[in-house]
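Here are a few exercises to work through with the structure open beside you. Each one has a task and then a solution in steps.

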Amino acid sequence: SHTLPAPARTIHTILIACLAAVLLALIWWHAALSIRQMRHRAQDYWMSRQTDLAGMLALEVATDFSAGLEAGLTQQRLELLLLQKLRQFRPLDGQGQIFIWTRQGPLFDPRLERGPKDGLDAALSRQQGHGARNLALLAEAVAQGGKGKGDYQWAPATGPELVCWESIRLPADTWTLFIATPQSAVLSSQGLQLRVRTALAAASLASLL
């Protein structure tokens, strides 16, 4: 049988190894690109849902508030009724949360109810540098009013939250209604975790072959 000389066999082996390395790199690049695209699609979908929901709720709250004033209810009574209604609301299939801020500070924030009782400022300031930045971004959003969206990381352990906000113009005050979905819930809800693992497993299997 014909065999290649030693130098040729060495070159042949190097070429095969290089080809395998290039193929593996292409597989991993394609998997990473697919994962990024899936993440972006999922986040865009949820941000769109949050924007629509914030607008709908803002209009509903403003309408209920005006109707309540015309019916003779006081502003304090209306605020209590509306906050109680919003506390019971579970947005985005129960995976999102609502919190409301005014220029004077938080009017309703579930993080205050779950966390320490010494205020959100103190709670955020202990979060390894995230607190001051997040609080400043939130205060700026409240001050600017209108509509917006952002990416807030309230705690290092939980990862970022995708946040949409819309201001509600009330006669005596302006509420800024925030709707937030943790990024982990976005990825989980779209089945991305399973698809990511599948893509990585396929790439690993290809590398073995």
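Before we start, a contact here means heavy atoms within 4.5 Å. Keep in mind that the model is predicted.

**Exercise 1. Work out how helix α2 sits in the fold.**

Step 1: Start with the extent of the helix. Helix α2 spans residues 75-87, 13 residues in total, and its first and last C-alpha atoms lie 18 Å apart, close to the 18 Å expected at 1.5 Å a residue.

Step 2: List its buried residues, using under 20% relative accessible area as the cut-off. You should find Leu78, Glu79, Leu82, Leu83 and Leu86.

Step 3: Ask why these belong together. The buried residues are on the same side of α2 because they cover an arc of only 130° around the axis. The general rule helps here: an α-helix has 3.6 residues a turn, so residues three or four places apart point the same way.

Step 4: Turn to the opposite face. The face of α2 turned away from the buried side carries Gln76 and Leu80, which are exposed.

Step 5: Find the packing partners. The buried residues of α2 pack against helix α1 (6-70) and against the strands β1 (97-102), β2 (105-108) and β5 (174-182).

**Exercise 2. Find the salt bridges and say which parts of the chain they link.**

Step 1: Count them. The structure holds three salt bridges.

Step 2: Take Lys85 with Glu60, where the closest N and O atoms are 2.5 Å apart. This pair links helix α2, home of Lys85, to helix α1, home of Glu60, across 25 residues of sequence.

Step 3: Look at Lys85 again. Lys85 also forms a salt bridge with Asp64, with the closest N and O atoms 3.2 Å apart. Shared partners join Glu60, Asp64 and Lys85 into one network.

Step 4: Check the exposure of this network. Lys85 is partly exposed at 40% relative accessible area, Glu60 is partly exposed at 30%, and Asp64 is partly exposed at 30%.

Step 5: Finish with Arg49 and Asp93, whose side chains meet at 3.4 Å, N to O. Arg49 is in helix α1 and Asp93 in the loop between α2 and β1, 44 residues apart. Arg49 is partly exposed, with a relative accessible area of 25%, whereas Asp93 is exposed at 63%.

**Exercise 3. Locate a nonpolar patch on the surface.**

Step 1: Pick out Val22, Leu26 and Trp29, which form such a patch.

Step 2: Note its area, about 330 Å² of accessible surface for the three together.

Step 3: Place Leu26, which is in helix α1.

Key. Residues numbered from 1 in each chain as written. Predicted model: local features only at pLDDT ≥ 70, side-chain atom pairs only at ≥ 80, totals over all residues. Heavy atoms only, no water. Helix = DSSP H or I, 4+ residues; strand = E, 2+ residues; numbered from the N terminus. Expected span 1.5 Å × (residues − 1). Buried < 20%, exposed > 50% of the residue type's maximum accessible area, 1.4 Å probe, protein only. Arc of directions from axis to C-beta. Patch = residues over 30% accessible without salt bridge, like charges linked within 9 Å, V, L, I, M, F, W, Y side chains within 5 Å. Areas by Shrake-Rupley, 256 points an atom, 1.4 Å probe, with all protein chains shown as cover. Salt bridge = Lys/Arg side-chain N within 4 Å of Asp/Glu carboxyl O.
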